[in-house]
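Colleague: I am new to this model and would like a close look at one part of it, with enough of the surroundings to place that part. Could you take me through it slowly?

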Amino acid sequence: MSLRAQVLASYKRLLRVHNITFKAAHAETRKQYSEARNVTDEAEIKELLQKAQDVAQYLERNIVQGIQKDDGVFDLQIDPARHELNDNNEVKKPYVPGKRVPCMGPGSEALPRV
């Protein structure tokens, strides 16, 4: 697949993921791709492409939508085939600066470190 086709495929995938997770991110995705439209350096394009793929994978695995049923009661729409299900033991550990946030699973390496 050509580099251009990969970029277009990653754009479409992110928009589909945003449709599943949260629609407000569509505008941000369009803005980011529009700003990178004139990038011609192949290495930079590949880096941006990898970042897009990592973000899409992270969002697919870690974002869960909830629908409020009653006051303070939410119905979570968890799909075990898609979502990364972990226990909370790693999240409860103290934060150490410079390390990945424990709740970020595989594919999140390109996301910013906190």
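**A residue of the surface patch**

Modeller: In this predicted model, I78 is partly exposed, because its relative accessible area is 44%, a value that lies between the 20% limit for buried residues and the 50% limit for exposed ones. Along the sequence, I78 sits in the loop that runs between β2 (73-77) and α4 (89-92). On the surface, I78 joins V64, F74, L76 and L85 in a nonpolar patch, and together these residues have about 470 Å² of accessible area.

To place this loop in the whole, it helps to know that the protein chain has four helices and two strands, which follow the pattern α-α-α-β-β-α when read along the sequence. The protein chain exposes about 8,400 Å², of which carbon and sulfur atoms supply 53%, while buried residues make up 21% of its 114 residues.

The interior offers a counterpart to the patch. In soluble globular proteins, nonpolar side chains tend to be buried together. Here the largest nonpolar core consists of six residues, namely L14, V17, A52, A56, Y58 and L59. Both α1 (3-21) and α3 (42-62) supply at least two residues of this core, and α3 gives the most, with four residues. As for L14, once its neighbours within four places in sequence are left aside, this residue is in contact with T29, Y33, A52, V55 and A56.

Definitions and conventions. Residues are numbered from 1 along each chain as its sequence is written. This is a predicted model: local features need pLDDT of at least 70, side-chain atom pairs count only at pLDDT 80 or more; totals for chains, interfaces and linings use all residues. Side-chain values use heavy atoms; hydrogens and water are left out. Buried means under 20% relative accessible area, exposed over 50%, partly exposed in between (1.4 Å probe, protein chains only). Accessible areas come from the Shrake-Rupley method with a 1.4 Å probe; for residues, only the protein chains shown count as cover. Patches are made of residues with over 30% relative accessible area and no salt bridge: like charges are joined within 9 Å, nonpolar side chains (Val, Leu, Ile, Met, Phe, Trp, Tyr) within 5 Å. A salt bridge is a side-chain nitrogen of Lys or Arg within 4 Å of a carboxyl oxygen of Asp or Glu. A nonpolar core is a set of buried Ala, Val, Leu, Ile, Met, Phe, Trp, Tyr and Cys residues joined through side-chain atoms within 4.5 Å. Contact means heavy atoms within 4.5 Å.
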